[in-house]
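Keep the sequence and the model side by side. We start at one residue in the chain and work outward from there.

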Amino acid sequence: MIGRFERVVVIFGGRDENFRTFEGGKFEARTYEEMEEIERKFDALDHRSTYWQMFKDKYVKCSCGEEVPCGRFTNTCECGRDYGFDGSLLADRSQWGEETGEHWTEGY
Ligand SMILES: [Zn+2]
(Lines give C-alpha, C1' and ligand atoms only; values in the text may rest on other atoms or scores of the structure.)
Protein backbone atom coordinates (compact mmCIF):
# COMPACT_ATOMS: atom_id res chain seq x y z
CA MET A 1 0.00 0.00 0.00
CA ILE A 2 1.34 3.40 -0.95
CA GLY A 3 0.49 6.65 0.73
CA ARG A 4 0.55 9.89 -1.18
CA PHE A 5 2.98 8.52 -3.67
CA GLU A 6 5.06 11.35 -5.05
CA ARG A 7 8.04 9.94 -6.84
CA VAL A 8 10.75 7.35 -6.71
CA VAL A 9 14.37 8.25 -7.34
CA VAL A 10 16.34 5.31 -8.66
CA ILE A 11 20.08 5.19 -8.99
CA PHE A 12 21.87 2.39 -10.78
CA GLY A 13 25.29 1.70 -9.43
CA GLY A 14 27.80 -0.71 -10.78
CA ARG A 15 31.22 -2.17 -10.32
CA ASP A 16 33.53 -2.90 -13.21
CA GLU A 17 35.93 -5.79 -13.54
CA ASN A 18 38.55 -3.80 -11.60
CA PHE A 19 36.00 -3.30 -8.83
CA ARG A 20 35.78 0.41 -9.43
CA THR A 21 32.35 1.71 -8.64
CA PHE A 22 30.48 3.95 -11.03
CA GLU A 23 27.08 5.53 -11.28
CA GLY A 24 25.15 4.01 -14.11
CA GLY A 25 22.26 6.39 -14.23
CA LYS A 26 19.72 8.28 -12.23
CA PHE A 27 16.02 8.05 -12.95
CA GLU A 28 12.87 9.50 -11.52
CA ALA A 29 9.52 7.80 -11.67
CA ARG A 30 6.24 9.49 -10.86
CA THR A 31 3.97 6.65 -11.91
CA TYR A 32 4.06 2.88 -11.60
CA GLU A 33 4.38 2.66 -15.38
CA GLU A 34 7.56 4.74 -15.24
CA MET A 35 8.83 2.59 -12.41
CA GLU A 36 8.26 -0.54 -14.50
CA GLU A 37 10.08 1.11 -17.38
CA ILE A 38 13.09 1.76 -15.13
CA GLU A 39 13.04 -1.83 -13.90
CA ARG A 40 13.03 -3.01 -17.50
CA LYS A 41 16.10 -0.84 -18.16
CA PHE A 42 17.78 -2.36 -15.15
CA ASP A 43 16.90 -5.88 -16.29
CA ALA A 44 18.41 -5.11 -19.68
CA LEU A 45 21.79 -4.37 -18.12
CA ASP A 46 24.55 -6.88 -18.49
CA HIS A 47 24.66 -8.48 -15.07
CA ARG A 48 27.41 -10.96 -15.93
CA SER A 49 30.47 -8.77 -16.46
CA THR A 50 29.53 -6.08 -13.99
CA TYR A 51 27.93 -5.99 -10.63
CA TRP A 52 24.85 -3.79 -10.67
CA GLN A 53 22.72 -2.53 -7.89
CA MET A 54 19.54 -0.54 -7.82
CA PHE A 55 19.03 2.07 -5.15
CA LYS A 56 15.49 3.19 -4.63
CA ASP A 57 14.36 6.18 -2.65
CA LYS A 58 10.65 6.57 -2.39
CA TYR A 59 9.15 9.95 -1.68
CA VAL A 60 5.67 10.62 -0.41
CA LYS A 61 3.93 13.94 -0.14
CA CYS A 62 3.08 14.81 3.42
CA SER A 63 -0.10 16.70 4.28
CA CYS A 64 2.12 19.64 5.26
CA GLY A 65 3.53 19.78 1.73
CA GLU A 66 6.97 18.35 2.45
CA GLU A 67 8.33 15.45 0.47
CA VAL A 68 9.44 12.68 2.78
CA PRO A 69 11.91 10.05 1.62
CA CYS A 70 10.69 6.64 2.78
CA GLY A 71 13.83 4.55 2.77
CA ARG A 72 13.63 3.37 6.35
CA PHE A 73 11.15 1.45 8.37
CA THR A 74 9.90 4.65 10.01
CA ASN A 75 10.39 8.02 8.34
CA THR A 76 9.56 11.20 10.17
CA CYS A 77 8.60 14.39 8.41
CA GLU A 78 9.73 17.75 9.73
CA CYS A 79 6.16 18.35 10.91
CA GLY A 80 6.26 15.21 13.06
CA ARG A 81 4.15 12.81 11.01
CA ASP A 82 5.56 9.31 10.62
CA TYR A 83 5.53 7.31 7.43
CA GLY A 84 6.21 3.63 6.96
CA PHE A 85 8.68 2.24 4.46
CA ASP A 86 5.81 1.71 2.02
CA GLY A 87 4.77 5.35 2.28
CA SER A 88 1.75 4.80 4.46
CA LEU A 89 1.00 7.32 7.17
CA LEU A 90 1.52 5.79 10.57
CA ALA A 91 -0.75 6.60 13.46
CA ASP A 92 0.35 9.29 15.84
CA ARG A 93 2.94 7.88 18.20
CA SER A 94 0.67 8.51 21.16
CA GLN A 95 -1.91 6.20 19.59
CA TRP A 96 0.40 3.34 18.71
CA GLY A 97 -1.06 0.09 19.87
CA GLU A 98 -4.62 1.32 19.58
CA GLU A 99 -7.08 0.70 16.81
CA THR A 100 -8.16 4.14 15.65
CA GLY A 101 -10.56 2.93 12.99
CA GLU A 102 -9.19 5.48 10.56
CA HIS A 103 -7.90 4.57 7.15
CA TRP A 104 -5.19 6.47 5.38
CA THR A 105 -7.09 6.23 2.11
CA GLU A 106 -9.83 8.50 3.44
CA GLY A 107 -9.70 12.11 2.40
CA TYR A 108 -8.43 11.51 -1.12
ZN1 LIG B 1 4.93 16.84 7.10
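Start at glutamate 39, which sits in helix H1, residues 32-44. The model here is a predicted one. Is glutamate 39 buried, exposed or partly exposed? Within 10 Å there are 15 other C-beta atoms, so glutamate 39 counts as partly exposed; a buried residue would need 20 or more, and an exposed one would have 12 or fewer. Now look from glutamate 39 to valine 10. The two are 29 residues apart along the chain, and their C-alpha atoms are separated by 9.4 Å.

Step back to the helix. H1 lies across E1, E2 and E3. Relative to E2, H1 runs at about 160 degrees. The protein chain holds 1 helix and 6 strands. Read from the N terminus, the order is β-β-α-β-β-β-β.

Next, the sheet. How many strands form it, and in what order? There are 4 strands, arranged E2-E1-E3-E4 in an open sheet with antiparallel pairing. E2 and strand E4 (67-69) stand at the edges. Each has a single partner strand, so one side of each is left without a neighbour in the sheet. From one strand to the next, the twist averages 25 degrees.

Take the pairings in turn. E1 and E2 are antiparallel and share 8 bridges. Isoleucine 11 has lysine 26 as its bridge partner in E2. Phenylalanine 12 stands opposite glycine 25, again in E2. On to E3, residues 51-61: this strand runs antiparallel to E1, and 10 bridges join the two. One of the partnerships with E3 is that of glycine 13 and glutamine 53. E3 also pairs with E4, in the antiparallel sense, over 3 bridges. Here tyrosine 59 stands opposite proline 69 in E4.

Return to the turn that links the first two strands. The loop lies between strand E1 (5-15) and strand E2 (21-29), and phenylalanine 19 is in that loop. The hairpin of E1 and E2 has 5 residues between the strands. Which sign does phi take at phenylalanine 19? The value is positive, about 60 degrees, although the residue is not a glycine. Most residues other than glycine have a negative phi. Is phenylalanine 19 buried or exposed? With 7 C-beta neighbours inside 10 Å, phenylalanine 19 counts as exposed.

Now the interior. In soluble globular proteins, nonpolar side chains tend to be buried together. In this model the largest nonpolar core has 6 residues: Tyr59, Val60, Cys62, Val68, Cys70 and Tyr83. Tyrosine 59, already met opposite proline 69, belongs to this core. Cysteine 70 is another of its members. Which residues does cysteine 70 contact, leaving aside its neighbours within four places in sequence? The contacts are Lys58, Tyr59, Val60, Asn75, Tyr83, Phe85 and Gly87.

Finally, the chain as a whole. Of its 108 residues, 11% count as buried. Consider the contacts between residues at least 6 apart in sequence: 38% of them join residues at least 24 apart.

Terms used. Residues numbered from 1 in each chain as written. Predicted model: local features only at pLDDT ≥ 70, side-chain atom pairs only at ≥ 80, totals over all residues. Contact = placed C-beta atoms within 7 Å. Pairing = 2+ DSSP bridges. Axes fitted to C-alpha atoms, helices over the stretch in contact; angles between N-to-C directions. Core = buried A, V, L, I, M, F, W, Y, C linked by C-beta atoms within 7 Å.
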